[in-house]
Every structure is written in C-alpha cells, then in structure tokens.
Amino acid sequence: MAKKQSKQIKVQSVKGMRDILPGEQPSWDLVRDKVKNFGQNYGFERIDTPILEFTNLFKRTVGENTDIVSKEMYSFVTLGGDKLSLRPETTASVARSYIEHGMLNLPQPVKLYYLGPQFRHDKPQAGRYRQFWQFGFEAIGDSDPVIDAELISISYHLLKEIGLDIEIHVNSIGDSECRSHYLKVLKQYYQGHRKDLCADCKDRLNKNTLRLLDCKNKKCENLAAEAPQIIDHLCDECKNHFMLVLEYLDELDIKYTLNPKIVRGLDYYTKTTWEIMEIGQEGKLQALGGGGRYDDLISLIGGRPTPAVGFAMGIDRVIAKMQELKIKVDKPNSRDIYIAQLGIEARKKALNLVEELRATGFQVASNMSKKGLKDQLELANKKGVKYTLIIGQKEISDSTILIRDMESGVQEIIDIKKVKNEIRKRLDSYEAKSIKLKK
Ligand code: HAM
C-alpha cells in the first residue's frame, strides 16, 4: 500500500519552476550583492512586500486586458473568501505599500529597491520561467525627467559592471490624454490591415491596441514598421519631458536607441519607457529588464496623484547571460579548517572546539558522524581547506592536537591551548604567500 502511494508522488519541481542549486549561488550572490551595493550607493532603501496581494491590485494597475493579468496570473480564492494572486511583478505592490504606509509624508521622491520571486503562468522556454526573479528600483513622488535619466543610468551601469554588453532602447508613450488621441489613429491604421494581422493581434486590436506594435509575428512586425508613431502625436509637455530625458542621457554619455516598439506589456506606464536589451544568438534582442514612468498608478489605486518611475530586471536572464559569456565569479572562500576526530571522547572535544573556533571567526568544517581518519581527510580535501586539526585519544591525554597542512601532508603536534593562535598565524602566512604568487 505504502509503495503504491510513493509511486504517485512526482519527484520533480513544478513546470516552469526550478531549484537554484549551491553551484549556481555564487553567480546569484554576485548579482544580489551588486543590487544591494547600488541601492546603498544611490540612496535607495530596500523594501520587501508579500508574495501574495489582492488580485484587484494587479487588475487595476497592470491592466485587465494585458496578457499578464488575463492569462498568466496564479489566482485563487482563500478559505476565507479573499481573491488573491501570486505577484506577477512588484511595482504595484510597492505603490500599494507607499500609500498604505503614508510614504507621501516622507521627503520625495521615496527611493526603494527590491529583490524577489515573481510568478507568471507563461509558456516556459529559454529565459522564460513561471517562477522567476526580479530586482527593481522605484522612485516615487517626483515628475522631473532627470529622475527617469537617473534610473536608466542605474539600470545601465549595474549590468555593465556585471560585465554584460547591453543596449538601452527608449521611447515615450505619452500621457493618458495624448495617448488616447494616438490610439485612435493607430486603431484606424490597423483596422485598414485587419486581414493581415495574426489571431492574437486581431483580438488585441480593440482591447490593447498599443501592444500590436511589439507583436513578434513577421507580418505584424512589417505592419508595425509602417504604423504611425506615437512620438509624432505627443503633446508639448510629454515631448519636452522626453527631450530632456534624452538630453540627460547624452550628458551621462549613455548610448540609447530610439525604439517606437517599446510600449511595454503593462498598462500603467506614462511618458518614458525603456528596455535593457542583450544581443543574443543570431543578433536576436532579448529584454533583460524594462521600466518606465507610471504617473497614474498611485491614483489608480486610491492614492493622491503621485508621479513615479522605475524599472525591474530579470535575474534569471542576467545569470544566463553571465554563464553564456563565462563571466568569472569568485567562489566563496573555502572553509579555513577541518576538524577530524577519532573516538567518542575526541568527538566530544571536537564538538566544543568547532563552537570555540567558529565563535572566534574561523570557518570550520567537520563531519562528526564519520569515524575513520581516511574518510575525514578525503572530505577535508573536497572542501578545499588548508589545514585539518586531528584529535584522538592520545591528543586528549596530552592536551595537544595535530595540525595537518593539506597541501604538503606535513603534520605537527601543537599545544591545544595555542591552537587558535597557531591557526591564525598559519592562515595569515598562507594568505601572504598566495598574494605574493598572484603578483
Ligand atoms: P517586465 O518587463 O514585465 O516589467 O519585467 C521585467 C523583466 O523581468 C523582463 O525584462 C525579464 O527580464 C524578466 N521577466 C519577465 N517575465 C519573465 C519570465 N517569465 N521569466 C523570466 N524572466 C522574466 C515589470 O515587471 C515592471 N514591474 C518593471 C517596472 C518597474 N516598471 C516600473 N518599475
């Protein structure tokens, strides 16, 4: 009976979701550390919001007719009757938090950054997961175009410092007024070519006309190339805003491509939009991240009209690109020392010694359940430690311990009371030697 049950359990992760194993963690740590470092150095504070939010938050902001909300959200009703969704993105959550915690009363703009998993029930493929990670930066409470340029600059420099070769593609999609006028012109254009549109775009034509511009279907791409461009329909205010963003980017010496297709897949954007592209195989562009201004979002969910701008980057895609480019990531320092023990009494002594050394700041590895010395030395070797401390019955009686240099295999007896000083001395001279060698 028990056998039958265990057969029914699928020992695999859910489709589109995966484990990030220890071997990959150094790359992930590098990105996470870089994000924290940029956050700190650019005056952004960390925020963590819950993974679950009320479904309506995303419907209102990301938009009911977007693919994300209409097709890709993990939504459910709780036992208490609440309609919740796993967050497909974090900007809406940050905006909710801004209102809920009265951040309006803080000096503006409020600058926040985050790191965390997102969930979209999308078709899994290379670079597209159902659980993926993003980091994002948001500046809420300022309408000045210089903030747009600052955020574009942060998104650019962060990836550059990691070692990626990227392009910034920018556009402006205007505000709700000039865009609504443009949408009429755009719809008219596409209606004249309805028969050539793919099935998805025929469907989107009335619901989300702007998205027709970034359809990847070949025929739709050709139509998009000839379509009226929003840039020619911006009101003066939106046009001036955009021109200033570009001027600041020029000043910062950040190269960009003007790309009228950057309309983004979320409804909350106004004015500036941008994507950070990496050039993939066969010259195909893939977005590593994207962002834009979202001046109407806060008022859409009940806050006072508050301008804002931000971006988010897909960490899984950043890591994949780092691996493709074979970007060198330093492994975390191998453990300083290994403690091997022989016999119950020695094991008791070793247990205490691990605690004592760890509390002093050493990295200590051990496998206390192992009995043989050969086994333990093999494990110490695998960990890459420089020294192994060996303690047995004789050492306990003599109040000594053996210290083994793992490279040369030379062992020395030392007084147990001097063990900390001895290890420190040897590790310091080992470090000094390897620095000399590197030079
Ligand atoms: P987004 O363009 O939907 O924007 O997502 C940003 C990045 O997340 C994408 O460029 C991509 O790298 C990554 N991403 C999206 N979907 C997936 C997926 N299924 N698998 C792997 N990576 C994925 C936003 O989410 C906005 N909240 C950005 C923003 C912040 N706008 C203003 N502030």
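How much accessible surface does the protein have, and what share of that surface belongs to carbon and sulfur atoms? In this predicted model, the accessible surface comes to about 23,900 Å², and carbon and sulfur atoms account for 50% of that area. The chain of 439 residues has a radius of gyration of 29 Å, whereas a compact globule of that length would be expected to come near 22 Å. Its assignment into two domains, with C-alpha centres that lie 50 Å apart, is set out below together with several local features.

**Overall dimensions and composition**

- Along the principal axes, the C-alpha trace of the protein extends over about 95 × 65 × 50 Å.
- The secondary structure consists of 16 helices and 16 strands, and buried residues account for 46% of the 439 residues in the protein.
- When contacts between residues at least 6 apart in sequence are considered, 69% of them join residues that are at least 24 apart.
- The protein carries 70 positive and 61 negative charges, and the mean positions of these two sets are separated by 8 Å.

**Domain division**

- Domain 1 is made up of two stretches of the chain, 22-175 and 235-324, while domain 2 covers 337-424.
- Between the C-alpha centres of domain 1 and domain 2 there is a distance of 50 Å.

**Helix 5 and the loop that follows**

- Helix 5, which comprises residues 91-100, is mostly covered, since eight of its 10 residues count as buried under the cut-off of 20% relative accessible area.
- The buried residues of this helix are Thr 91, Ala 92, Ser 93, Val 94, Ala 95, Arg 96, Ser 97 and Tyr 98, so that the list includes an arginine along with the other residue types.
- These buried residues pack against three strands, namely strand 2 (52-54), strand 5 (110-119) and strand 6 (131-140), and also against helix 3 (55-63) and helix 11 (297-300).
- After helix 5 comes Gly 102, which has a positive phi near 55°.
- Pro 109 is placed in the loop between helix 5 and strand 5, and the peptide bond that joins Gln 108 to Pro 109 is cis, with omega about -5°.

**Ile 152 in helix 6**

- Ile 152 belongs to helix 6, which runs over residues 145-162.
- Because its relative accessibility is 0%, Ile 152 counts as buried.
- Leaving aside residues up to four places away in sequence, Ile 152 touches Ile 168, Val 170, Val 245, Leu 249, Thr 272 and Trp 274.
- Ser 85 stands 67 residues from Ile 152 along the chain, and the C-alpha atoms of the two residues are separated by 29 Å.

**Residues other than glycine with positive phi**

- Asp 253 is not a glycine, yet its phi is positive, at about 60°; this residue lies in the loop between helix 10 (236-251) and strand 8 (256-258).
- With a relative accessible area of 54%, Asp 253 is classed as exposed, because the cut-off for that class is over 50%.
- Lys 326, which is likewise not a glycine, has a positive phi of about 55°, and it is found in the loop between helix 12 (315-324) and strand 12 (337-341).
- The relative accessible area of Lys 326 is 72%, and Lys 326 is therefore exposed.

Note on methods:
Residues are numbered from 1 along each chain as its sequence is written. This is a predicted model: local features need pLDDT of at least 70, side-chain atom pairs count only at pLDDT 80 or more; totals for chains, interfaces and linings use all residues. Side-chain values use heavy atoms; hydrogens and water are left out. Helices (H or I, at least four residues) and strands (E, at least two) are DSSP runs, numbered from the N terminus. The radius of gyration is taken over C-alpha atoms; the globule rule is 2.2 Å times the number of residues to the power 0.38. Buried means under 20% relative accessible area, exposed over 50%, partly exposed in between (1.4 Å probe, protein chains only). Contact means heavy atoms within 4.5 Å. Accessible areas come from the Shrake-Rupley method with a 1.4 Å probe; for residues, only the protein chains shown count as cover. Lys and Arg count as positive and Asp and Glu as negative; His and the chain ends are not counted. The place of a charge is taken as NZ of Lys, CZ of Arg, CG of Asp or CD of Glu. Domain bounds come from an automatic or database domain assignment.
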